[in-house]
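Thanks for coming. I will take a few minutes to walk through one structure, and you can follow along on the screen.

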Amino acid sequence: MAVTVSRQGKEIAVSISETSASSSTESTITLGVQKFRVLRQICQVTAGTAATVDPVLARTAGGTGINVLMENDTAAATCDNSVTGGIACFSSDGVIYHKSVPNAGSDNAISTEYAILVGSE
């Protein structure tokens, strides 16, 4: 698994490339900022047993409930979620967690991208 975080000014691009991904595989994303807005989430199965993904972005490892920052509505082969103005988020340590949640197998290749804006205004 490879997680790449690129920042230019107030814009952060996160790229995650997973291999051998299963429903419990989780990626750690170190943003280095506490307040941010998630503008877009794109998650796509590129190979493997799974037919769909159902991505979740959280502020804690294995995050559920109040710790979920962004969650996909309907599983699909490609999930592309965007929010006008973004979703205001906070992480006390500047670290967030992504799970692709494929519907089957542990042999899945999955590509994910996040567009994030620094700050909450």
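I will go through the sheets, then some single residues. Please keep in mind that this is a predicted model.

Let me begin with the sheet of 5 strands. This sheet is open, its strands follow the order 1-2-9-4-7, and the pairing is antiparallel. Which strands stand at the edges? Strand 1, residues 2-8, and strand 7, residues 78-90, do. Each of them has a single partner strand, so one side of each is left without a neighbour in the sheet. On average, neighbouring strands here are turned by 15° against each other, with direction ignored. As a general reminder, strands of a sheet pair through backbone hydrogen bonds, either parallel or antiparallel.

Now strand 4, which covers residues 35-47. How many bridges join strand 4 to strand 7? There are 9, and the two strands run antiparallel. Two positions show this pairing. Lys35 has Phe90 of strand 7 opposite it, and Ile42 has Asp80 of strand 7 as its bridge partner. Strand 4 also pairs with strand 9, again in the antiparallel sense, and here the count is 10 bridges. One position to look at is Phe36, which stands opposite Val118 in strand 9.

That brings me to Val118 itself. Val118 lies in strand 9, which spans residues 108-118. Is Val118 buried or exposed? Its relative accessible area is 14%, and the cut-off for buried is under 20%, so Val118 is buried. Leaving out residues up to four places away in sequence, Val118 touches Arg7, Lys10, Ile12, Val33, Lys35 and Phe36. So far we have met Phe36 as the residue opposite Val118, and Lys35 as the residue opposite Phe90. There is also a distance to mention: Val118 and Leu31 are 87 residues apart in sequence, while their C-alpha atoms are 9.4 Å apart in space.

Next, the sheet of 4 strands. This one is open as well, with the order 3-8-5-6 and antiparallel pairing. The edges are strand 3, residues 27-30, and strand 6, residues 68-71. Each has a single partner strand, so one side of each has no neighbour in the sheet. The average turn between neighbouring strands of this sheet is 20°, direction ignored. Inside the order, strand 5, residues 56-58, pairs with strand 8, residues 95-99, over 3 bridges in the antiparallel sense. Ala58 stands opposite Tyr97 in strand 8.

Now to charged side chains. In general, side chains of opposite charge can pair when their charged atoms come close. How many salt bridges does the count come to? The count is 1. The side chains involved belong to Asp80 and Arg40, at 2.6 Å from N to O. This pair links distant parts of the chain, with Asp80 in strand 7 and Arg40 in strand 4, 40 residues apart. Asp80 is the residue we saw as the bridge partner of Ile42. As for accessibility, Asp80 is partly exposed, with a relative accessible area of 41%. Arg40 is at 36% and also counts as partly exposed.

On the surface, Met1, Val3 and Val5 make up a nonpolar patch, and together they have about 230 Å² of accessible area. Met1 sits in the segment before strand 1. With a relative accessible area of 51%, Met1 is exposed.

Last, two residues with a backbone angle to note. Ser20 has a phi near 55°, which is a positive value in a residue other than glycine. Where is Ser20? It is in strand 2, residues 11-21. Ser20 counts as exposed, at 53% relative accessibility. The other residue is Val101, with a phi near 50°, again positive in a residue other than glycine. Val101 is found in the loop between strand 8 and strand 9, and at 28% relative accessibility Val101 counts as partly exposed.

To sum up, we have one open sheet in the order 1-2-9-4-7 and another in the order 3-8-5-6. The salt bridge between Asp80 and Arg40 links strand 7 and strand 4. That is where I will stop.

Note on methods
Residues numbered from 1 in each chain as written. Predicted model: local features only at pLDDT ≥ 70, side-chain atom pairs only at ≥ 80, totals over all residues. Heavy atoms only, no water. Pairing = 2+ DSSP bridges. Axes fitted to C-alpha atoms, helices over the stretch in contact; angles between N-to-C directions. Patch = residues over 30% accessible without salt bridge, like charges linked within 9 Å, V, L, I, M, F, W, Y side chains within 5 Å. Areas by Shrake-Rupley, 256 points an atom, 1.4 Å probe, with all protein chains shown as cover. Salt bridge = Lys/Arg side-chain N within 4 Å of Asp/Glu carboxyl O. Buried < 20%, exposed > 50% of the residue type's maximum accessible area, 1.4 Å probe, protein only. Contact = heavy atoms within 4.5 Å.
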